[in-house]
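Biologist: I am new to this structure and would love a close look at one of its two chains, chain A. Could you walk me through how that chain is built and where its partner comes in?

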Amino acid sequence: MTTVEERPAPPAAPPPRRANPVWALLRNSWRQLTSMRTALVLLFLLAVAAIPGSVLPQRPVNPEKVTTYYLEHPKLAPWLDRIGGFDVFASVWFASIYLLLFTSLVGCVLPRLLDHYRALRTVPPEAPRRLERLPQHVPAAERAEQPAVLAATVAKTLRRRRFRTVLREGEAGAWTIAAEKGYLKETGNLLFHFALLTVLVGVGFGSWYGWHGNRLLVQGDDTGFCNSVTQYDESKLGPRVDPSDLPNFCLKLTEFAATYQDTGVPKSFEATVAVTQDGGAAVTRQFTVNDPLRLHHASVHLLGQGYAPVLRYTDRYGQTQTNVFPFLPRDGMLTSEGVAMFPDANVDPKTNKRDEKLQVGFEGVYLPTVSADNSATSSYPAERAPGLFLNAYRGDLGLDSGIPGSVYVLDQGQIANGQLKQVSGDRPHELKPGEAWTLDDGTKLEFLGTRPFITISIRYDPTAELVLAGAVLGLVGLMLSLSGRRRRVWFRVAPLAVGDAGHGGSVVEAGGLPRTDYPGFPEEFAQLVKAARDEGTS
Amino acid sequence: MAELSNQLMVVTVLAYLAAMVCHAAEYSFGARSHIGRAAIRPARQLVGAGAPAEPVPDDLVPADDLVPADDAVAEEAPKKDRGALLGKVAVGITALGLLAHLGTLVTRGIAADRMPWGNMYEFILSVTFVGSAVWLGVLSRRPGIRHLGLFVALVLVVLLGAAGLVAYTPVGPLVPALHSYWFVIHVSTVILASGIFLVGFVPAAMFLIKNGYDQGKRSFPYTLGKRVPAAAALERLTFRLHAFAFPLFTFGALIAGPLWAEASWGRYWGWDPKEVWAFISWVVYACYLHARATPSVKRSTATWIAVLGFATMLMNLFGVNLFFAGLHSYANAGGM
């Protein structure tokens, strides 16, 4: 689509036969579509169409923000959703722009590929009759050598400079040398456009055959993870991927180390995991941000981290339950929010019957470092002075309703309708690690400590390499196409005087034609003529 | 070191400001009727004396485009022209500013013990440094465009001022997300490309002004076109700079960036706001290159597209950093 060069003139008008109107319409639309103007308009549309993708929250990028947007703009949001505003880059209109653009590209580039193929196979054309009419011209000069010898030397000089050169013998002992250079410009240009097609195809196949999932992984043997769709917190499989296709591996977080500067800005993270692949022995591997864990047909990326308090609850029958509850970080200092739910608390051991009114839940924040002024947020991300601030609730947690709810907040509906009642004081109760808290009914909650957790993203994209190859080829083509220059030069060597051909001596004339915008051509042409002259005399 | 860096930053801005004032003075007080030749003759000799033997291709500054036909006046003009002197002083001050600029970056890098490309403040500092250096480089080969210095200095001062006022961040080490060798590759190429696009924007804007002036427009921005080099030369310089920056940008933003993103976030492209706008800039600049290669599209139309491209780059730098939260948010101003 880039350079517009001289093309062979369009074939003469077809004989005046009435064309099929449908065929004419199709042909005209195709011509319109593959025209440069249309391509430019489509490129612009593509740029404009991408803007909403940065202004509106996007579901694949950040689904929570889309939810927030729904709450803030309850009237507008459904309409935006209907036209794909929250998933712009998968929307019909975005796809139709780029598909049209690529169709236009193919329609434009394929004929050019044929033209270029022909150009590569044809020899440079015969010199124009009047070289002085070319943009560059050196007037005829006399030389001592025979025309044939001189012509051969000039041709050799040009060939050495990688010009495609043809030597032609003309009438009356005259020779012409036609030479052309800079085919790589068009080659690069075509390469660039076909590389773009490769990228598009690669991206398409990648989304069909790729998959990814996110998971929160708490340190410990009892909180491992095995790669199956049900174990992910959130996952997305390409349309051609079956859940049974996922590679078989299990991960256990054995250690997680984080270091911070004094300001609380993180310095380093390192996760150590035990990996079991295809039922083999467990292997210890480490990974960090920017250095993912590469497994067979999957890579594991470290996205985030946090703390999971370990809590033991002793109910009114003396039964204890211990569990780990990841609290999600809310800020850079790891002020974390979460809940601890004990739906099976207060089950009478004699009847083994669960009293739904006696389920217990705790909601609150965990601060790895409680600041001296008792502010509500943590003052440092590492556990310097940890404190867990909880409110206790008793009643029906609402977990049996069948509606999937978040495991990080209590069911607000249950609190609102009075089924779940707060049973602690107005201010959250503070627990240091190791401390216990006796509730109003004599039951007891103990804060045993915390375990680190990490959030990981596990992904597989089968065509990433293809896309990379396409991008690199495209860059190579782009550079060739932007730096290349197509130009032609001609030399005409004629015998000095028609009568004394046997005596030797010739007249040389040269002309040059830059076929693309090339401001430095006069200098190159002058050097070329000089080189041809010097080599002739030496 | 961090203190020193901040002081050098002030020196840098003041130097560019002074250069701007000198350029403006040359612009306004330079001997009016001599402006064309005065701008070009002495400067040429200056460069000819110091430049290496390699012949300077003069294609960008065809003498007859710039020098008035009146040769008799031209002969005596170069001798004494306060305007030209001011212009040269301006270039000298710009060079000093560039040194201070380099000092700012180096001391900041030493203070932080890493490449000074970790946040928006440092990014703008680096982009403007590249812009300033490329500008002086281009100027040394094509002295005839010195008048553009006023606008280059203006852009530099505005961007650096914005960096200092809006985006200043105290020195600190990198967050773990930036611990990668791709950090150096991705950020440096994007900085280079942005710096060259920045320099390319100046002749683009000046071409449009000159072009309008040549067509007889005399309202405000076009009056500036009176004293700038020939439109064709500006246009060609615009194209050259863009043709150089575009592959760099392609590599930095669309190859090195995705490679790093794959290692860091698991996907090579995820339509993060920064990525969206890099894509938009790329498409707009691709539009410019196509438009310029198409004979049926007017050169002024094509150049407008280049100007639009720079606007999208600015949008990506300021708009995206300040208004949209995204994965590239360590570039955020104000040090969250």
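Modeller: Happy to; here is a tour of chain A, from its overall outline down to some of its strands, and then on to its partner.

A word on the model comes before the tour. This is a predicted model, in which local features need pLDDT of at least 70 and side-chain atom pairs count only at pLDDT 80 or more, while totals for chains, interfaces and linings use all residues. Residues are numbered from 1 along each chain as its sequence is written, and chains are lettered from A and ligands numbered from 1 in the order in which they are written.

Confidence is a good place to begin. The average pLDDT (the predictor's confidence in each residue, from 0 to 100) is 88 for chain A, with 94% of the residues scoring at least 70. Residues 1-6 of chain A stay under 50.

Now for the outline. The C-alpha trace of chain A spans about 130 × 65 × 50 Å along its principal axes. Its radius of gyration, taken over C-alpha atoms, is 38 Å, where a compact globule of 538 residues would be near 24 Å (the globule rule is 2.2 Å times the number of residues to the power 0.38). An automatic or database domain assignment divides chain A into domain 1 (21-119), domain 2 (123-182 + 485-537) and domain 3 (211-460). Between the centres of domain 2 and domain 3 of chain A, taken over C-alpha atoms, lie 81 Å.

Chain A holds ten helices and 22 strands; these are DSSP runs numbered from the N terminus, with helices being H or I of at least four residues and strands E of at least two. Of the 538 residues in chain A, 34% are buried, a term for residues with 20 or more other C-beta atoms, placed from the backbone, within 10 Å of their own (exposed means 12 or fewer, partly exposed in between).

Let us zoom in on strand β14 (residues 336-342) of chain A. Six of the seven residues in β14(A) are buried. Strand β13 (residues 328-329) of chain A runs antiparallel to β14(A) and is joined to it by two bridges; two strands pair if DSSP finds at least two bridges between them. Here A:L328 stands opposite A:E337. The hairpin of β13(A) and β14(A) has six residues between the strands, and in it A:L334 takes a positive phi near 65 degrees. Strand β15 (residues 359-367) of chain A is also antiparallel to β14(A), with seven bridges joining them, and there A:M341 has A:G361 as its bridge partner.

Elsewhere in chain A, an open antiparallel sheet of four strands has the order β5-β7-β8-β9. Strands β5 (225-226) and β9 (283-287) of chain A are at its edges with a single partner strand each, so one side of each has no neighbour in the sheet. Two bridges link β5(A) to β7 (residues 249-260) of chain A, where A:C226 stands opposite A:C250.

Finally, the partner. Chain B has twelve helices and zero strands, and 55% of its 336 residues count as buried. The contact takes 45 residues from chain A and 43 residues from chain B (residues are in contact if their C-beta atoms, placed from the backbone, lie within 7 Å). On the side of chain A that touches chain B, the elements giving two or more residues are α2 (36-55), β8 (266-277), β11 (298-314), β20 (444-460) and α9 (464-483) of chain A. The largest share, eleven residues, comes from α2(A).

Conventions:
Contact = placed C-beta atoms within 7 Å.
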